[in-house]
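Work through the exercises below with the sequence and the 3D view side by side. Try each task before you read its solution.

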Amino acid sequence: MRYYYIVLILLLLGNNYGHSQGAQQFGKIFKKSENQPPVADAGDDIKAAPGSTITISGKKSGDPNGDVLQFEWLLPPSLMAKENYTYDDTDTVKTHKGNNRSINVIKTYTETFLLDLPESLSIGSKHVIKLTVKDKKGLSSTDSFQLEVIKPKEEVLEDEIAESLEVEQSQNKTKNKIDKGAVISIQSLTIGDLVPMQAEAINDMIYQLIKSSGMENVVDPNQYRPDTVYTIKEADSLNPELTSVYDRDCKTDSCAAQNALMDKATHVLSWSLNRHHSLSFHFFDAKEYLKQLPNYSWSIFSVPIDPNNLDKIKFPKALAVDINGDLIVASANTNSIYRVGLDQKVEELILGKVYNANLINPSGLDIGSDGTIYVSDRDNNRIFSMSNGKYKMIVDRSSSVKVDSPTSLRVLKNGSVIVLSEGNQSVQLITPNGRVSTILNPQVVEGMSDVAVDNEGNYFIASSYSNQIFRIIDKNKVVVVAGAKKGTGLRGNGIPAIQAELFVPVAIDFDATNKMYIAEKERGLIRYIEKDSLLYTIAGGGFSWDGVGYARSMDVKLDNISNMRVGAGPSIYISQMLGHSIKSVSITEEPSWLADHIYMSPMHLVHASGISGLESHIRETVPKVLKGYLPKKKKSFRKRFKDFNKNIAEYFKERPLLFAVLLLFGSQATSSALSNAGSLDTPPDFPF
């Protein structure tokens, strides 16, 4: 028994080996509906001992429409006494029939409460606790979790060890299955700023990596292919023969799948650098992929930026998008303006002194058709432009007609500038020759937060004070295009925009089809108005997200939206000043691959070392993506020992309490052994 606890440690190590990330979650592109049901999440199953206190929580539940939810908990008999529940004024509690002290149903608007487990609960008993969430229109969703009553901690430890071993044995039976009939075709798709020679080198790098793993069935991506017509699908009684030629300039996985079939391959490993130069790998069955139609959905990701330059654009606020798709960002961290390129580089554009005054508060940005950058410097009461490093003052304190705390601005096709003056709550037009006229008189609309111009030349303003969007008719008249008066609006999707309740709209913009997008700070929503004047949500209203990779845009929570601008695609860019974040919402293909991987910010490696900077990442990633299709590689004793030590560190880093308990047991066992040998007669003092 003196070695018992040491053996326990060794047996536990396998439990943490071989973790893999699940496929990214995407939803379908939003379809019109009056109201969407909420999503219930009762939380994970719980194991607890009699007499302990557990947390019952539905806080992960949510509603796509942003409605307040009612939580209805269904409890089994004898689990919670009525006198042990702390009531809110809006709560309703029902007891079980025949036992008026035991709670059956709790209806509450409170997300979380504590439950003291009775000492009388029997070890090994299991109890299902059910949660139903309802929105204000009565739509509901149900989820549940299981409470298992277990032994005290020291006995639970042994149970967890046994369970870990069982899981490990099950995983060992299923992992490393190899499809010996698979033939892999390597296909490069969009290559961003790389040149063909670099793409060919990466193809060869991947090819040699797969070959060196012991897999022979892989097609050389750089081999010669004659210009000939290939048969992709044989003719049958209903359909003619499908033929094609090999496409050396594929941009999609569908094209790559067709190329693979011409190469007599069964599977495709494609790689590409997308619009923002993130490096992605997709692995899929060629025939199966071509059988299905790709689905597309709104997704969200953090704009990839050179990690060495992240500090420069902390506290991002004002945004603009140039004709190339690069972002112009005003950073409140340094009161400076930067270009964040699609190549992931960050370039300083405007900082420090401009003319005779330092740039203090660049509150508005826009870009002319010729690439000229226009800036409103609010606290200096001025607007200037910059082109090729040269500045031009448009209006400042010395001008005959002044602007009062200018914020949001837009540049028209003729070079005129529309500006929102925060100081006197007006909208003004400044012509290229410096003449200033009023478009909207002061105080017609209060609390204006943004100004926009649609494709037909109409002017619009957002008011975060009245929670409405207006179109300007003349100097003294506006009409509502979205948002009802405070306290009277409707919530949901597919509702008339003018009847909808908006939640502090801070930014508005239009895409190429003249569709208006609205960013709402209070609820963290991005919505748009369809041609039928109905309002729909495309992002926000979900749960906290770490910002890694891609996510379904309506599943994430968008806190503290500062600004929003729309680029080509459309790509909707959102700045979150307090989160030091810039995110993009766009339509992407839903994953239907066998495996995939994306490296969001690889370009700093390429800029520093060329494509050789990607070599270590490719060597690490490709075997993971092809897991189950590559032969299992034998490891040297040195490598296995190194991995063994790494697994120990990672396992106990996530389980510090378990490590402390095992260390205590081990020290006691060692003390006992030494004591029996007559060398030690006192107990160890760790950890007390």
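**Exercise 1.** Locate Ala484 between its two flanking strands, and decide whether Ala484 is buried or exposed.

*Solution.* Start with the position. Ala484 sits in the loop between β33 (477-482) and β34 (495-496). Strands here are DSSP runs of E with at least two residues, helices are runs of H or I with at least four, and both are numbered from the N terminus. The model is a predicted one, in which local features need pLDDT of at least 70, side-chain atom pairs count only at pLDDT 80 or more, and totals for chains, interfaces and linings use all residues. Residues are numbered from 1 along each chain as its sequence is written, and side-chain values use heavy atoms, with hydrogens and water left out.

Next, check the cover. Ala484 has 13% relative accessibility and counts as buried. Buried means under 20% relative accessible area, exposed means over 50%, and partly exposed lies in between (1.4 Å probe, protein chains only).

Now look for a partner in space. Gln499 is 15 residues from Ala484 in sequence, and their C-alpha atoms are 5.0 Å apart.

Finally, list the contacts, meaning heavy atoms within 4.5 Å. Neighbours within four places in sequence are left aside; Ala484 then touches Ser466, Asn467, Gln468, Gly489, Ile498, Gln499 and Ala500.

**Exercise 2.** Find the places of Asn381 and Ser385, then give the contacts of each.

*Solution.* Take Asn381. Its place is the loop between β23 (373-377) and β24. At 18% relative accessibility, Asn381 counts as buried. Asn361 is 20 residues away along the chain, with 9.6 Å between the two C-alpha atoms. Beyond four places in sequence, Asn381 is in contact with Val395, Asp396, Arg397, Val403, Asp404, Ser405 and Pro406.

Move on to Ser385. This residue belongs to strand β24 (residues 382-387). Its relative accessibility is 6%, so Ser385 is buried. With neighbours within four places again left aside, the contacts of Ser385 are Thr372, Ile373, Tyr374, Lys390, Tyr391, Lys392 and Ile394.

**Exercise 3.** Describe how helices α3 and α7 pack. Which residues make the contact?

*Solution.* Recall what is needed. Two packed helices are described by the angle between their axes and the distance between the axes.

Read off both values. Helix α3 (residues 196-212) meets helix α7 (residues 615-625) at an angle of about 45°, and the axes are 10 Å apart. The axes are lines fitted to C-alpha atoms over the stretch in contact, and angles run from 0 to 180 degrees between N-to-C directions.

Name the arrangement. α3 is therefore oblique to α7. Angles under 35 degrees count as roughly parallel, over 145 as roughly antiparallel, 65 to 115 as roughly perpendicular, and the rest as oblique.

List the residues. From α3 come Ile202, Met205, Ile206, Leu209 and Ile210; from α7 come Glu615, Ile618, Arg619, Val622 and Pro623.

Sort them. The contact holds eight nonpolar residues, no polar ones and two charged ones. Ala, Val, Leu, Ile, Met, Phe, Trp, Tyr, Cys and Pro count as nonpolar; Asp, Glu, Lys and Arg as charged; the others, Gly among them, as polar.

**Exercise 4.** How many residues of helix α4 are buried, and which ones?

*Solution.* Count first. Helix α4 (residues 253-262) has 10 residues, and eight are buried, so the helix is largely enclosed by the rest of the structure. The buried residues of α4 are Asp253, Cys255, Ala256, Ala257, Asn259, Ala260, Leu261 and Met262. Then look past the helix. Lys264 follows α4 and has a positive phi, near 65°.

**Exercise 5.** Where do Gln344 and Tyr355 lie, and what is the phi of each?

*Solution.* Gln344 lies in the loop between β18 (336-340) and β19 (346-350). Its phi is positive, about 75°, although Gln344 is not a glycine. Gln344 is buried, with a relative accessible area of 0%.

Tyr355 lies in the loop between β20 (353-354) and β21 (357-358). Its phi is positive too, near 55°. Tyr355 is partly exposed, at 46% relative accessibility.

**Exercise 6.** Which form does the peptide bond from Gly569 to Pro570 take, cis or trans?

*Solution.* Check omega. It is near 0°, and the bond is cis. Pro570 lies in the loop between β40 (563-567) and β41 (571-576).
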